[in-house]
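Welcome, and thanks for opening the viewer. Please keep the selection tool at hand, and we will go from stop to stop together.

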Amino acid sequence: MCVCSLCVSAPRAAAGVGGGNDFQWCFSQVKGAIDEDVAEADIISTVEFNYSGELLATGDKGGRVVIFQREQESKNRPLSRGEYNVYSTFQSHEPEFDYLKSLEIEEKINKIRWLPQQNAAHFLLSTNDKTIKLWKISERDKRAEGYNLKDEDGRLRDPFRISTLRVPVLMPMDLMVEASPRRIFANAHTYHINSISVNSDHETYLSADDLRINLWHLEITDRSFNIVDIKPANMEELTEVITAAECHPHQCNVFVYSSSKGTIRLCDMRAAALCDRHSKFFEEPEDPSSRSFFSEIISSISDVKFSHSGRYMMTRDYLSVKVWDLNMENRPVETYQVHEYLRSKLCSLYENDCIFDKFECCWNGSDSAIMTGSYNNFFRMFDRNTRRDITLEASRENSKPRATLKPRKVCTGGKRKKDEISVDSLDFNKKILHTAWHPKENVIAVAATNNLYIFQDKMN
Amino acid sequence: MSACTLVSVSTVLGCHSCSRIDMFSKGTKRKFSDDGDEMLDESLAGAQVSSSYSLQRQSLLDMSLIKLQLCHMLVEPNLCRSVLIANTVRQIQEEMTHDGSWQVVTEAFCGGSQSPSERLVATEVLCRSREQDAEPKLFSVLSYEGCREEEVVADETLCSVSVSDTASNVCLSESARHCWERDELVDADRDDETCESSRLGPGDDEDDDDEDDDDEDEEVDIDEESPRDNPKTMGQVFGTFEIKNGTPGPDSALEELFSDVDASYYDLDTMLTGIQSAPKMGPYDLLDSLAPSHGPPSIGSPSSCRSDLNELDHIMEIIVGS
């Protein structure tokens, strides 16, 4: 029986991937070191499930990619979902030095995007600030034995000694997972790449930096098409940058990009080669009563994600998450407050730069719920149907196997109840910027600095 | 990320209610009383709240300018962050212009020796960001191993603020600006636009030489120039070689401001063969020494606001120039 405080009298919702109210989230696993001293290189900078949810990739500031694979569910324990174990680890990007500008190029992995699987191997795109790489991850669990011309240890056999002919046979061997870079897409971005997105045609993908968006073909590395360029002729006039971009999940000619002024532009690549003129322009009119010096900064969109259906898109700005209907440009259809209690602290957050933190957001598989991160290792989930929301915490204290996560609450004023935490006690160093939701099940991955938490729902 | 403790400016600006207006304004009133606070009050109708609002707005402006100054020396700074901060500065300026307080602040801070006209906003941090030996700042990159990202290579003194009465001219962080100039250097090579690539050249050095002569130690004196539009001049934080070869006026004024650093930036040879210099204490070092920030940064609690005020006084003192 569900003892979650949220679903007091809610009837059990329809089966399938639901929101946060008819089941509870439980701790499943945590990956990463426990030390208090976190090495900068270990900080996770991106998290992404593949299309089937079998693989979970993370990238960190040290340029490494770690891929976890879900183990097959055991028939002995049907209630426990498969665990994620390390499948492959490789160094995707190395730090570089731009000699012309005398500046380092960070090896931090900004984004990882999986390609749909087409054969036994898995492919993913990983990018740092300047270079995108296509990695092939393949398994090898057999090897051929019984060669004619060489021994088992590789030495060539003396041809005159060979008297019989044999056919090599495939023998099993320990599983070896190899990651090899298949394509390197470099030198196309002057500014820092913030997004990559694989197109629904599975042949092209786009990459976006602060001022430009390029369209690539996965097979071609020495050329890309520039499809958006908002760089002003005179850089003195620069007031707006691109913050995120994504391809439409079904229409390969459509993509969106968001800006630092809180606007989203939808572009159709059929209209023109250079999509500087948008097809649709999404902006919510500002509320004049809440205008302040920080209005623009907190309206800057840090992430944009299409729903799986392709009908909606979600944007994350500093204090809220908004769901937009692609057919309605003048305002979002839903707005969810993530941490409204921070609105009175904006000046302090501006001073310590937290106001510039870029939070991501994600949909669940059925588009009925959305999730995003906050501070103090809190993350928030919103059920779009019931309009319920829940705040959970990713912490080692709640890390007993299959322990139910207790909802957290931030006290905004007045008397602080037991178990509540006051705004002034929040730890702004512990921020959850990257979260991912399994495409089909209620399994979520939450990156808390250098630790990756995996939570699952408890099947009732 | 820098873990500087927070000053108590948190509530008035952009917020709904403030419980500390009185405390803050009392403190700063003491500070500014010798420097023309009376003028400020008269101009702003003497209302306590409004004068404290404008003081806090001023400190937000200063904070923003310092943020633009403290760009990462190892890695290219975040363009989105710089754009947002620059837009904030522009917004403050516009409001101050409409208020008429831009004029007042100019008069309050200008010394008698310099005419208030045609001057750019600058803090001493921006003016005197380098040693006299004119080494390229960017090569201190390699000596910054242990330094946090936001330490500035600058003089330790935040001296007087010189403010323009033409609100449109804002002199923003030179290092941020030069970060973008370096950016454009590469961009020029790659772009098809010939207009950019044509801006590289010896012409840059000539401008530098002129401005070097005009540079002063204290506040930088900008030559007569016509006020530019806000966006145009504000955007010089993303400055490019276009600034150098643009129309005379604010460009040359800006050049003068940054002159002791500029030459090396535009000189490729110097860039590639520069000498490292030791890091100097920057304003964030000052903040650090005032307020040790061990542990997680948290929003100033009421119990620490008194010490925050003292620190704020100290910082304001330095900025204003006692």
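A residue is called buried when its relative accessible area is under 20%. What you have on screen is a predicted model, and that word "buried" will come up often along the way.

**Stop 1: the two chains**

Colour by chain and begin with chain B. How many helices and strands does chain B have? There are 16 helices and zero strands. Of its 322 residues, 60% are buried. Among contacts in chain B with a separation of 6 or more, residues 24 or more positions apart account for 85%.

Now switch to chain A, with its two helices and 32 strands. Chain A has 460 residues, and buried ones make up 56% of them. Here, 55% of the contacts between residues at least 6 apart in sequence join residues at least 24 apart.

**Stop 2: the largest nonpolar core**

In soluble globular proteins, nonpolar side chains tend to be buried together. To see such a group here, select Tyr318(A), Leu342(A), Tyr350(A) and Ile355(A): within the largest nonpolar core, which has 42 residues, these four touch the most other members. Next, add the helices that each supply at least two residues of this core: H1 (295–299) and H2 (346–351) of chain A, along with H3 (48–69) and H4 (79–99) of chain B. Which helix gives the most to this core? That is H4(B), with eight residues.

Zoom in on Leu342(A). Setting aside residues up to four places away in sequence, Leu342(A) touches Tyr318(A), Leu319(A), Leu349(A), Tyr375(A), Val423(A) and Phe428(A).

Then look for a second, separate core, this one of 18 residues; Met371(A), Phe379(A), Ala394(A) and Ile444(A) are among them.

**Stop 3: an enclosed space**

Rolling a probe the size of a water molecule over the atoms shows where empty space is left. In this model there are 11 cavities of 30 Å³ or more. Our stop is the second largest cavity, with a volume of about 90 Å³.

To see what surrounds the second largest cavity, select from chain A Ile297(A), Ser300(A), Ser302(A), Tyr318(A), Ile355(A), Phe356(A), Asp357(A) and Lys358(A), and from chain B Asn78(B), Cys80(B), Arg81(B) and Leu84(B). You may recognise Tyr318(A) and Ile355(A) from the largest core. Colour the lining by class and you will find six nonpolar, three polar and three charged residues. H4(B) provides the largest share of this lining, three residues.

**Stop 4: aromatic rings**

A pair of aromatic rings is described by the distance of the centres and the angle of the planes. Over all chains, the count comes to 18 aromatic pairs. Select Tyr205(A) and Trp216(A): this pair is stacked, 6.1 Å centre to centre, with 5° between the planes. Tyr205(A) sits in strand E13 (residues 204–208) and Trp216(A) in strand E14 (residues 212–217), both of chain A, so the pair ties together parts that are 11 residues apart in sequence. Both Tyr205(A) and Trp216(A) are buried.

For another pair, pick Phe294(A) and Tyr350(A). Their ring centres are 5.4 Å apart and the planes are at 55°, so this pair is tilted. Phe294(A) is in the loop between strand E19 (280–282) and H1 of chain A, while Tyr350(A) is in helix H2 of chain A, so the pair ties together parts that are 56 residues apart in sequence. Are these residues buried or exposed? Phe294(A) counts as buried at 0% relative accessibility, and Tyr350(A) is buried with a relative accessible area of 0%.

Before moving on, select Phe27(A), Phe379(A), Tyr453(A) and Phe455(A), which form one aromatic cluster.

**Stop 5: loops around strand E25**

Finish with three loop residues of chain A. Asp367(A) lies in the loop between strand E24 (361–363) and strand E25 (369–373). Although not a glycine, Asp367(A) has a positive phi of about 65°. Asp367(A) counts as buried, at 9% relative accessibility.

Then go to the loop between E25 and strand E26 (378–383), where Asn377(A) lies. Asn377(A) is not a glycine either, yet has a positive phi of about 60°.

Ser374(A) has its place in the loop between E25 and E26, and counts as buried at 2% relative accessibility. Show the contacts of Ser374(A), leaving aside neighbours within four places in sequence: Val338(A), His339(A), Tyr341(A), Phe359(A), Phe379(A), Lys430(A), Lys431(A) and Ile432(A).

Note on methods: Residues are numbered from 1 along each chain as its sequence is written. Chains are lettered from A and ligands numbered from 1 in the order in which they are written. This is a predicted model: local features need pLDDT of at least 70, side-chain atom pairs count only at pLDDT 80 or more; totals for chains, interfaces and linings use all residues. Side-chain values use heavy atoms; hydrogens and water are left out. A nonpolar core is a set of buried Ala, Val, Leu, Ile, Met, Phe, Trp, Tyr and Cys residues joined through side-chain atoms within 4.5 Å. Buried means under 20% relative accessible area, exposed over 50%, partly exposed in between (1.4 Å probe, protein chains only). Helices (H or I, at least four residues) and strands (E, at least two) are DSSP runs, numbered from the N terminus. Contact means heavy atoms within 4.5 Å. On a 1 Å grid over the protein atoms alone, a cavity is a set of points where a 1.4 Å probe fits but cannot get out, and a pocket is an open set with protein on both sides within 12 Å along at least five of seven lines; lining residues have an atom within 4 Å of a point. Grid points are joined across faces, edges and corners, and a volume is the space filled by probe spheres set on the points. Ala, Val, Leu, Ile, Met, Phe, Trp, Tyr, Cys and Pro count as nonpolar, Asp, Glu, Lys and Arg as charged, and the others, Gly among them, as polar. Rings of Phe, Tyr and Trp (its six-membered ring) pair if their centres lie within 6.5 Å; planes under 30 degrees apart count as stacked, over 60 as edge-to-face and the rest as tilted.
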